[in-house]
Amino acid sequence: MTAATKLLDELCHLSVQSMTSLETEDHFRVVKLLGEGSYGKVMLVVHKKTGSPMALKCFPRGSTSLFSFLREYNLSLAFCSHPSLTRALGIAYRTPTHYIFAQQAALHGDLYDVIVPEVGVEEGCVQRVVSQLCGALAHLHGLGFVHRDLKPENIFLCDPACSWVKLGDFGMVKAVGSRVQEVWYSSAYCPPEAEVARGNRARQEEEEEKEKEKGGGGGGAGKEKKEAVWVSVDPSVDCWALGILTYALLTGTLPWAETASDNRSYRRYRDWVSSSSSSSSSSSEPGDRLDVLGSRPPAAPQFSCFTPLACSLFRALLDPQPRLRGRPGDALAFLGGEWLRGEERSRLEEEREKRRRRRRSGGKKGALGKMKEMEGRGER
Ligand SMILES: Nc1ncnc2c1ncn2[C@@H]1O[C@H](COP(=O)(O)OP(=O)(O)OP(=O)(O)O)[C@@H](O)[C@H]1O
């Protein structure tokens, strides 16, 4: 346990005592809904006394434990001092129905809304986002925390050009080295090491199905209980997600629908990694590998639109082996150069311009990217 994670626990215990009961309308003027997630909603408000805009994150009390609320609040308040992390503003209270805390408000939406399907966003913008996220993640990792939920919906925009973005939603944050139950979910953002949990889940479902067919209501005496897979929280999961996010921003697609060994696109990528590893130096230090991989065997098909520089970046962040995966700071070495090959950049720019013109002439469709629509496009 680092000093920071110990302090966070202490702050949670202390702040229980200072939680007041307030009515939101007595202190804030509600402007609009900023967004909704699985845990609650986020409102843009103006503080009545100071006139400052802020975001109120509201968690229904019925489905939120006070301790998990205080953990997210205190983490954001005490440890998110990096400019690309969303900081809490020192106001936390309860209403009869909700636990609520105030946070810096980003007024230009989140990254999810600016990624144009099949087109992505302009390369300069991608590099600006990546460089800021590298700093934000390095800050959290340095304190001994892992974000564990890096995705476009959790990156908030302070301006439309992404010159200033903020990583938010600290509900999944855990201390490095803490033990958590591994969960596999069908997404490119889920790191490949989580697949052990997929096997268990599949077997469990199969057994439950058989049990049902036999007419047993589940939980029969002979039923084998599957062991949960427990893993140690590691910063490499954020680096994997940063690699996938970079790909999504550059192309408006995902490299594979899910990181599973029976997914064809992912398998091809893994083969490429194996072939490039076997022909690289015997060094196992990520830093040593970064410089040389651009000249390795031809990239997996879904990476062929990238320059050798970008391929090396992906190869570093998306190493299937967590132990060999690069760190956020490693990505900084790849900024400044070109990431998309010339012909691909021209194609995407043309496409972007076409959509801009279409939008200006009245059509709204196609303007906003939905990641769900994009999933699976790597299957080509
Ligand atoms: N500080 C903020 N400023 C601007 N918009 C925000 C802010 N916090 C959240 N939002 C918006 O609200 C949405 C939901 O917020 P958030 O991800 O924090 O909620 P959640 O319930 O924890 O979500 P999840 O389902 O991902 O766990 C975000 O995607 C974003 O669009």
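## Close-up views of a predicted model

**View 1. Helix α11 packs its buried residues against two other helices.** The buried residues of α11 pack against α4 (123-143) and α6 (236-251). Contact here means heavy atoms within 4.5 Å. Helices (H or I, at least four residues) and strands (E, at least two) are DSSP runs, numbered from the N terminus. What you're looking at is a predicted model, where local features need pLDDT of at least 70 and side-chain atom pairs count only at pLDDT 80 or more, while totals for chains, interfaces and linings use all residues. Residues are numbered from 1 along each chain as its sequence is written, and side-chain values use heavy atoms, with hydrogens and water left out.

Now pick out the residues themselves: Glu344, Arg345, Leu348, Glu351, Arg352 and Arg355 are the ones buried in α11. They sit on the same side of α11, because they cover an arc of only 130 degrees around the axis; that arc is taken from the directions from the helix axis to the C-beta atoms. Buried means under 20% relative accessible area, exposed means over 50%, and partly exposed is in between (1.4 Å probe, protein chains only). Turn to the face pointing away from the buried side of α11 and you'll find the exposed residues Glu343, Glu350 and Arg360.

**View 2. Two helices get a length check.** The expected span of a helix is 1.5 Å times one less than its number of residues. Helix α11 (residues 342-360) has 19 residues, so it should span 27 Å, and its end C-alpha atoms are indeed 27 Å apart. For α6, the 16 residues should span 22 Å, and the end C-alpha atoms are 23 Å apart, which agrees. While you're at α6, notice how covered it is: 15 of its 16 residues are buried. Just after α6 comes Gly252, with a positive phi of about 70 degrees.

**View 3. Gly120 sits in a loop and meets residues from far along the chain.** Look for Gly120 in the loop between β6 and α4. Gly120 counts as buried because its relative accessibility is 0%. Leu249 is 129 residues away along the chain, yet the C-alpha atoms of Gly120 and Leu249 are separated by 4.9 Å. Leaving out residues up to four places away in sequence, Gly120 touches several others, including Ala248, Leu250, Gly252 and Arg352.

**View 4. Six strands line up in an open sheet.** Reading across the sheet, the order is β1-β5-β6-β4-β3-β2, and the pairing is mixed. β1 (20-21) and β2 (28-36) stand at the edges with a single partner strand each, so one side of each has no neighbour in the sheet. Two strands pair if DSSP finds at least two bridges between them. As background, strands of a sheet pair through backbone hydrogen bonds, either parallel or antiparallel.

Strand β5 (residues 88-94) and strand β6 (residues 98-103) go for the antiparallel option, over four bridges. One spot to find is Tyr93, whose bridge partner in β6 is Ile100. Helix α3 (residues 66-78) packs on the sheet and touches β4, β5 and β6, with a direction that makes about 160 degrees with that of β5. For such angles, axes are lines fitted to C-alpha atoms (for helices, over the stretch in contact), and the values run from 0 to 180 degrees between N-to-C directions.

**View 5. β3 pairs with β2 and with β4.** In strand β3 (residues 41-47), five of the seven residues are buried. β3 pairs with β2 in the antiparallel sense over seven bridges, and a hairpin of four residues joins β2 to β3. β3 and β4 are antiparallel too, over six bridges. Met43 is a handy landmark: Leu33 stands opposite Met43, and in β4 the bridge partner of Met43 is Leu56. Five residues lie between the strands in the hairpin of β3 and β4, where Gly51 takes a positive phi near 80 degrees.

**View 6. Lys57 makes polar contacts with Glu72 and Asp169.** Lys57 is found in strand β4 (residues 53-60), and counts as buried, with a relative accessible area of 14%. Its side chain makes a polar contact of 2.7 Å with the side chain of Glu72. A polar contact is a pair of N or O atoms within 3.5 Å; within protein, one must be able to donate a hydrogen and the other to accept it, and residues adjacent in sequence count only if both atoms are side-chain atoms.

Asp169 lies in the loop between β9 (165-167) and β10 (174-175), and is buried at 18% relative accessible area. A polar contact of 3.5 Å joins the side chains of Asp169 and Lys57. Beyond residues up to four places away in sequence, Asp169 also touches others, among them His147, Asp149, Asn154 and Phe156.
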